[in-house]
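Me: I would like a close look at one small part of this protein, followed outward into its surroundings. Please take your time over the answer and keep it connected.

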Amino acid sequence: MIDRARIYVKAGDGGSGCNSFKGVKFTRSHHPDGGSGGRGADVLIRVDKNIRELKEFRGKQHFRAEKGKDGSGNKKKGADSRPCIIRVPPGTIIRDVGNNLLLGELTEPDQELLAAKAGEGGRANTKTQAATRGLPGEEKELSLELKLVAEIALIGYPNSGKSTFLTKISSCSPKIAAYPFTTTSPILGPLELSEELPLLTAVEIPGLIKGSNQGKGLGAQFLRHAERAKLLLHLIDMAGSEGRDPCEDYHNLNQELKDYDRGLCAKPQLLIANKMDLPEAENNLKKFSFKIKEKIYPVSAKGSLGIEEVLEGIRGLL
Ligand SMILES: Nc1nc2c(ncn2[C@@H]2O[C@H](COP(=O)(O)OP(=O)(O)OP(=O)(O)O)[C@@H](O)[C@H]2O)c(=O)[nH]1
Ligand SMILES: [Mg+2]
């Protein structure tokens, strides 16, 4: 997933004002009749909810907006130019590389930011003054960073059943397989909790294991996409597949959240004990709930058991 990009933007310069004089009939005098220059085009950054990542900026990094049209005789003003619009996914953070200033965060559909301001058009000539050139448009180097907009983030060890669970609560169909790191970039799924509530989004965060913050597995690179979440769904493989211990998994993952920091470990968590259809799970759950005094939702994502209770829990917490 491409979730960072750097682009260069240049707003349009203003068009030049026109130097022109018109003779007055039956006299030797002349009146100025130049037109002023048109305004250049702004560079706007706008959210397009159909875009999911910053991929297209790999191929195109330079955006130059059009210059304003020059003025002409007969007091004809040059036309203003139309803005150059750069489309980005919801959740894009825009910074000016030159001074490292945050220009804005765009999260809502069609939200817009003025990235570079156009130059005004030049003045037309007067009796005493010559016409002027248009002003230059701003130019900047910008960094774009994507932090997905999702109210709910699914976290858990590889193979704990995050993708399987996501297919049961939302209408998306990620790849599911019995090997770790099947999901290699965050997956978004729309989630309708009830007809009265707005449509929510859930995101599967891939590749968290002990040491993710030191770059193990896929590293903690994708945890950024859980930062906007209001709620974390923490999936634990209660069957302890591949000889793992569910209690250790739980503590290790929470340690990774603490090490990553940025408020993630303070977010409310809903604990989901998955794979309860497997024989080892029942006994493991007993041991687990003896050690960890939190509310636990026993689930079989594969067998579609316990899903409604989790949705009820989400409704309660949100
Ligand atoms: N028995 C059983 N198997 C499950 C259950 N949920 C998931 N699985 C299986 O566990 C394996 C991993 O499932 P995924 O949904 O791909 O797990 P994941 O957490 O998304 O895995 P990564 O994307 O690799 O991190 C698959 O073979 C699933 O069929 C469950 O409730 N019961
Ligand atoms: Mg997955």
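Which residue in β9 does Ile 45 stand opposite?

Reply: In this predicted model, Ile 45 stands opposite Leu 113 in β9. The strands concerned are β4 and β9, which run antiparallel and are joined by four bridges. They belong to an open sheet of three strands, arranged in the order β6-β4-β9 with mixed pairing. In that sheet β6 and β9 are the edge strands, each pairing on one side only, and the twist from one strand to the next averages 30°.

Turning to the contacts of Ile 45, and leaving aside residues up to four places away in sequence, this residue touches Gln 111, Glu 112, Leu 113 and Ala 115, and also Ile 86, Val 88, Ile 94, Leu 106, Leu 142 and Leu 144.

The wider setting is the largest nonpolar core, which has 43 residues and in which Ile 45 is listed with Phe 57, Leu 144 and Ile 205 as having the most contacts inside the core. The elements that contribute two or more residues to this core include the sheet strands β4 (43-47), β6 (84-88) and β9 (112-116), together with β1 (4-10), β10 (139-146), β11 (152-156) and α2 (246-260). At least three residues of this core come from each of two domains, namely domain 1 (4-22 + 29-146) and domain 2 (152-317). Separate from this core there is a second one, made of 23 residues, among them Phe 165, Leu 233, Ile 272 and Val 299.

Conventions. Residues are numbered from 1 along each chain as its sequence is written. Chains are lettered from A and ligands numbered from 1 in the order in which they are written. This is a predicted model: local features need pLDDT of at least 70, side-chain atom pairs count only at pLDDT 80 or more; totals for chains, interfaces and linings use all residues. Side-chain values use heavy atoms; hydrogens and water are left out. A nonpolar core is a set of buried Ala, Val, Leu, Ile, Met, Phe, Trp, Tyr and Cys residues joined through side-chain atoms within 4.5 Å. Buried means under 20% relative accessible area, exposed over 50%, partly exposed in between (1.4 Å probe, protein chains only). Domain bounds come from an automatic or database domain assignment. Contact means heavy atoms within 4.5 Å. Two strands pair if DSSP finds at least two bridges between them. Axes are lines fitted to C-alpha atoms, for helices over the stretch in contact, and angles run from 0 to 180 degrees between N-to-C directions.
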